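Biologist: Please take a close look at the nonpolar interior of this model. I should like one connected account of what surrounds it and how it relates to the rest of the chain.

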Amino acid sequence: MKVLLSIKPEFAERIFEGSKKYEFRKAVFKNSDIKTVVVYASSPTQRVIGEFDIETIISDSPENLWNKTKRFAGIDEGFFYKYFADREMGFAIKIKKTRRYKEALCLREHFNLTPPQSFLYLRNENLVSQ
């Protein structure tokens, strides 16, 4: 099973170039069968640009999360703590393997979906790897 995540284009690019090995979230999907994340690069790109396999999901306090992930966070410490302000817990999705699509796809045209605020479950038949 796959999940669609909206990710800011600059962070999505870092994921596919390999400098960002963790995607940070305030909340994550409850379904433990999720093995793949489909990346929707949000505005101004507004395209599905690829996908990645999940190695693991770390759940911890922001301080511990930063200490465990800072080397490959792909974001600076100030941005990290601003994102997790007033949160006791946070999540880091560890990226295992990425697959960048040859052609970026329009979410509405190819999948008849609208961009999710956070995430959206996808049935495998909704999305085929390129």
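Modeller: The account below begins with the overall fold, turns to the interior, and ends with the loops.

The model is a predicted one. Its chain contains 4 helices and 6 strands, and from the N terminus these elements follow the order β-α-β-β-β-α-α-β-α-β. The radius of gyration is 14 Å, close to the 14 Å that the globule rule gives for 130 residues, so the chain is as compact as a globular protein of that length. Along the principal axes, the C-alpha trace spans about 40 × 25 × 25 Å. Among contacts with a separation of 6 or more, 76% join residues 24 or more positions apart.

As to burial, 45% of the 130 residues count as buried. The chain exposes about 7500 Å², of which carbon and sulfur atoms supply 46%. There are 23 positive and 17 negative side chains, and the centres of these two sets lie 2 Å apart.

In soluble globular proteins, nonpolar side chains tend to be buried together. Here the largest nonpolar core has 29 residues, and Phe24, Val39 and Phe52 touch the most other members. Two or more residues of this core come from each of strand S1 (2–7), helix H1 (9–17), strand S2 (22–25), strand S3 (36–41), strand S4 (47–60), helix H2 and strand S5 (90–105). A second, separate core consists of 10 residues, including Leu4, Leu105, Phe111 and Leu113.

Phe24 merits individual attention. Beyond residues up to four places away in sequence, Phe24 touches Leu65, Thr69, Ala73, Ile75, Phe80, Tyr83, Phe84, Phe91 and Ala92. One of these partners, Thr69, belongs to helix H2 (residues 62–69). Thr69 has a relative accessible area of 1%, under the 20% cut-off, and is therefore buried. With neighbours within four places in sequence left aside, the contacts of Thr69 are Tyr22, Phe24, Ile58 and Ala92. Ala92 thus appears in the contact lists of both Phe24 and Thr69.

Ile54 offers a further view, from strand S4. Its relative accessibility is 11%, so Ile54 also counts as buried. Not counting residues up to four places away in sequence, Ile54 touches Phe29, Ile34, Lys35, Thr36, Val37, Ile93, Lys94 and Lys96. Phe11 is 43 residues away from Ile54 along the chain, and the C-alpha atoms of the two are separated by 16 Å.

The loops add several backbone details. Most residues other than glycine have a negative phi, and most peptide bonds are trans. In the loop between S3 and S4 lies Pro44, which is joined to Ser43 by a cis peptide bond with omega of about 10°. Gln46 lies in the loop between S3 and S4 as well, and its phi is positive, near 55°. Gln46 is partly exposed, at 42% relative accessibility. Asn112, for its part, is placed in the loop between helix H4 (107–111) and strand S6 (119–122). The phi of Asn112 is likewise positive, near 55°. Asn112 has a relative accessible area of 70%, over the 50% cut-off, and is therefore exposed.

Notes. Residues are numbered from 1 along each chain as its sequence is written. This is a predicted model: local features need pLDDT of at least 70, side-chain atom pairs count only at pLDDT 80 or more; totals for chains, interfaces and linings use all residues. Side-chain values use heavy atoms; hydrogens and water are left out. The radius of gyration is taken over C-alpha atoms; the globule rule is 2.2 Å times the number of residues to the power 0.38. Buried means under 20% relative accessible area, exposed over 50%, partly exposed in between (1.4 Å probe, protein chains only). Contact means heavy atoms within 4.5 Å. Accessible areas come from the Shrake-Rupley method with a 1.4 Å probe; for residues, only the protein chains shown count as cover. Lys and Arg count as positive and Asp and Glu as negative; His and the chain ends are not counted. The place of a charge is taken as NZ of Lys, CZ of Arg, CG of Asp or CD of Glu. A nonpolar core is a set of buried Ala, Val, Leu, Ile, Met, Phe, Trp, Tyr and Cys residues joined through side-chain atoms within 4.5 Å.
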